[in-house]
Amino acid sequence: MTTQVHSLWLPYAQMKTVPPPYRVVRAEGVKLYLDDGTVLIDGISSWWCVIHGYNHPVLNKAVHEQLAKFAHVMLGGLVNDAAIHLAETLVRITPNKLNHVFFADSGSVGVEVALKMAIQFWRNKGVPQKSRFVALRRGYHGDTTGAMSVSDDDEGMHRLFKGVILPQYFVDAPGGDNIESHECQASLCQLAGLLESNKNQIAAVILEPVFQGAGGFRFYPPEYLFHARRLCDEHGVLLIFDEIATGFGRTGALFAAELANVTPDIMVLSKALTGGYFGLSATIAISEVYESFLGDDPELAFMHGPTFMGNAIACAVALASISLIETENYLSKVKAIEQVLKEEIQGLEGPSLCDARVLGAIGVLEFESPSNLIGFREFAVDRGVWLRPYSKWLYTMPPYIIGEDDLRRITAVMKEWVSHQGKHI
């Protein structure tokens with residue numbers, strides 16, 4: 001049953017015309033239970049973060065145990081064991097040399113932290129003019145002002161703010177099946193040219209490694225990361241990886257950076273960090289970045305401090321989430337999901353369907369136009385599946401614990417919609 005809401009302002013929605021939302025009263029495993037008794041298989045992990053499914057006993061236990069001690073203490077002059085242990089764990093599992101963790105409370109804020117960190121790094125080194133960024137077109141890094149500035153301002157959801165937010169440098173998004181593709185070579189050529197001409201103004205290059213999420217659900221060859229790393233090193237520019245969507249196994253590796261054996265100077269994690277239980281982000285830097293903030297001058301200190309950074313409950317559940325990933329071999333679960341998605345939808349053809357692609361636990365159907373997906377939400381709900389298309393992309397990014405039968409129910413709905421489109425042309 002849908003629910004009329006008036007006081008609650010929904011995200012990314014024209015409140016005058018948006019279809020009423022569905023009211024969830026319980027969730028268990030990969031299932032959402034609505035107030036009218038409808039049961040839905042969640043095919044998108046509540047915006048990609050609920051990787052362990054809902055109401056997981058291990059995560060619930062971590063929450064209760066920390067709550068029995070205390071919920072939160074500020075990190076200004078105080079600290080808590082969960083935050084300390086989570087920082088140590090993230091240093092252990094992320095690419096080599098990422099040694100220092102700064103917590104915040106959302107992915108967007110984690111990106112803001114990374115941008116500020118890069119700017120102040122150069123200021124602390126006596127190069128204050130290095131304060132601009134290079135980003136990929138079709139990229140998306142969050143909804144706060146700094147994050148918007150490095151997201152695509154021509155085709156992205158923040159184009160409304162073009163001319164208001166600080167302008168940055170952009171290069172065309174890479175793509176294709178290999179690094180020799182025209183899209184990859186053109187992007188690298190543009191990146192090299194920009195860095196050569198503007199290296200005295202550029203603080204960092206920021207990108208979503210291998211998978212661009214809300215900017216078009218696009219994949220590109222991991223080798224691009226190697227060349228981006230090389231160009232940044234050649235021109236004295238930091239490299240930032242936004243692994244908010246890709247971190248913790250979504251692409252098939254624990255972190256997408258591993259697919260190219262590349263370590264960025266700064267990495268941002270969020271979404272799956274807590275298994276979807278709490279808002280939390282981690283911005284992790286190499287020692288060279290961290291050490292630039294050390295000294296006798298108080299103004300060298302990093303000037304950022306979210307009230308809820310290092311929240312004890314969020315950190316405790318993040319530790320439990322990482323333990324599940326490691327002890328229950330979640331990368332094998334992602335591999336199994338990838339195999340089913342490839343069998344079911346990769347290469348699928350149909351009227352109005354432009355492409356069907358798969359990487360890790362990500363399956364994407366790209367249509368010609370958003371109009372090709374009008375009515376899909378209700379179509380899927382009628383068949384017991386929760387999928388939420390964005391623009392012209394119908395995608396699934398399911399919880400990693402999903403069983404094969406439930407996953408094939410999701411793909412069956414996606415394929416039926418393609419067939420349904422053909423009947424209406």
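Which residue stands opposite Thr396 in β16? Gly363 does. The model is a predicted one, and the points below take up its strands, salt bridges, cysteines and one surface patch.

1. The pairing of β14 and β16. Strand β14 covers residues 362–367 and runs antiparallel to β16, with four bridges between the two. Gly363 and Thr396 face each other across this pairing. Strand β16 spans residues 393–396, and its side chains alternate: Trp393 and Tyr395 point one way, Leu394 and Thr396 the other way. All four of these residues are buried.

2. The open sheet. Seven strands make up an open sheet of mixed pairing, in the order β4-β12-β11-β10-β7-β5-β6. At its edges are β4 (98–104) and β6, each of which pairs on one side only. From one strand to the next the twist averages 20 degrees.

3. A parallel pair within that sheet. Strand β5 (residues 132–136) and strand β7 (residues 202–207) pair in the parallel sense, again over four bridges. Within this pair, Ala135 has Ile206 of β7 as its bridge partner.

4. Salt bridges, and one inside α2. The whole structure contains 20 salt bridges. Side chains of opposite charge can pair when their charged atoms come close. One such pair is Lys61 with Glu65, where the closest N and O atoms are 3.9 Å apart; the cut-off for a salt bridge is 4 Å. Both residues belong to helix α2 (residues 57–69) and are four residues apart, about one turn of the helix. Lys61 is exposed at 52% relative accessibility, and Glu65 is partly exposed at 44%.

5. A salt bridge between two helices. Glu343 pairs with Arg408, with 2.8 Å between the closest N and O atoms. Because Glu343 lies in helix α10 (residues 330–344) and Arg408 in helix α12 (residues 404–423), the pair ties together parts that are 65 residues apart in sequence. Both partners are partly exposed: Glu343 has a relative accessible area of 48%, and Arg408 has 24%.

6. The network around Arg408. Arg408 also meets Glu404 in a salt bridge, at 2.8 Å from N to O. Glu404 and Arg408 are both in helix α12, four residues apart, about one turn of the helix. Glu404 is partly exposed, at 46% relative accessibility. Through shared partners, salt bridges join Glu343, Glu344, Glu404, Arg408 and Lys415 into one network.

7. Cysteines. How many disulfides does the structure hold? The count is zero. A disulfide is a covalent bond between the sulfur atoms of two cysteines. For Cys232, the closest cysteine sulfur is in Cys189, 16 Å away, so the two are too far apart for a bond. Cys354 is in no disulfide either, its nearest cysteine sulfur being that of Cys184 at 20 Å. As for their surroundings, Cys232 is buried, with a relative accessible area of 1%, whereas Cys354 is partly exposed at 47%.

8. A nonpolar surface patch. Leu160, Phe161 and Val164 form a nonpolar patch on the surface, and together they have about 340 Å² of accessible area. Leu160 sits in the loop between α5 (145–149) and β6 (169–171). Is Leu160 buried or exposed? Leu160 is exposed, with a relative accessible area of 71%.

Conventions:
Residues are numbered from 1 along each chain as its sequence is written. This is a predicted model: local features need pLDDT of at least 70, side-chain atom pairs count only at pLDDT 80 or more; totals for chains, interfaces and linings use all residues. Side-chain values use heavy atoms; hydrogens and water are left out. Patches are made of residues with over 30% relative accessible area and no salt bridge: like charges are joined within 9 Å, nonpolar side chains (Val, Leu, Ile, Met, Phe, Trp, Tyr) within 5 Å. Accessible areas come from the Shrake-Rupley method with a 1.4 Å probe; for residues, only the protein chains shown count as cover. A salt bridge is a side-chain nitrogen of Lys or Arg within 4 Å of a carboxyl oxygen of Asp or Glu. Buried means under 20% relative accessible area, exposed over 50%, partly exposed in between (1.4 Å probe, protein chains only). A disulfide is a pair of cysteine sulfur atoms within 2.5 Å. Two strands pair if DSSP finds at least two bridges between them. Axes are lines fitted to C-alpha atoms, for helices over the stretch in contact, and angles run from 0 to 180 degrees between N-to-C directions.
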